[in-house]
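Trainee: Please show me the structure, and then we can go through the core and the sheet.

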Amino acid sequence: MTFKQKIHQYYLQLVQDRIDVFKDMIVALTEDSKNDAKGSAGDKHETALSMMHIEQEKLNHKLKEVIAQKNVLEKIDSSTIAKTIIVGSLVKANGIYLYLSAALPKITIDGINVIALSPQSPLGNKLMGNQVGFTFEINGTKYLIQSIE
């Protein structure tokens, strides 16, 4: 398995784990609201149900975001190597590894830090379509594309 494939697999697992956690939390809230409905009455009960409903909406929104990230990752063929930067490219710029996929947390694979970024982010947008040797500047920092996998 290549370094890029390890990164891709790690991010897929990370996103799936998040999906599972959010689904579990939503189910737990649903169960709590059912149990609470059996034994409560009055204003406190209504307030508690309302708070649970708001929390459930927040979790559903986060779940949709994570599912969208998973959909982006699932469309990427991690064995593809392009000469120009595309979604799914692993780019080394200024000694930093950048994985163009979705905005996800920084990870460490084989002792190397990797930052996943969205092609719509300012840095991702500058990278898209460029090749090794391309230089650009963002927020006063100059970048040089050293390699593309």
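The questions below cover the nonpolar core and then the sheet.

Mentor: This is a predicted model, in which local features need pLDDT of at least 70, side-chain atom pairs count only at pLDDT 80 or more, and totals for chains, interfaces and linings use all residues. Residues are numbered from 1 along each chain as its sequence is written, and side-chain values use heavy atoms, with hydrogens and water left out.

Trainee: Which element gives the most residues to the largest nonpolar core?

Mentor: A nonpolar core is a set of buried Ala, Val, Leu, Ile, Met, Phe, Trp, Tyr and Cys residues joined through side-chain atoms within 4.5 Å; buried means under 20% relative accessible area (1.4 Å probe, protein chains only). The largest one has 24 residues. Helices H1 (3-39) and H2 (43-74) and strands S2 (96-100), S3 (104-109) and S4 (112-117) each supply at least two of them, helices (H or I, at least four residues) and strands (E, at least two) being DSSP runs numbered from the N terminus. The top contributor, with 9 residues, is H1.

Trainee: Why is one side of S3 and of S5 left without a neighbour in the sheet?

Mentor: The open sheet has 6 strands in the order S3-S4-S2-S1-S6-S5, with mixed pairing. Two strands pair if DSSP finds at least two bridges between them. S3 and S5 (135-138) stand at the edges, so each has a single partner strand.

Trainee: Which residue in S6 is the bridge partner of Thr-135?

Mentor: S5 and S6 (residues 141-148) run antiparallel and are joined by 4 bridges. In S6, the partner of Thr-135 is Leu-144.

Notes. Buried means under 20% relative accessible area, exposed over 50%, partly exposed in between (1.4 Å probe, protein chains only).
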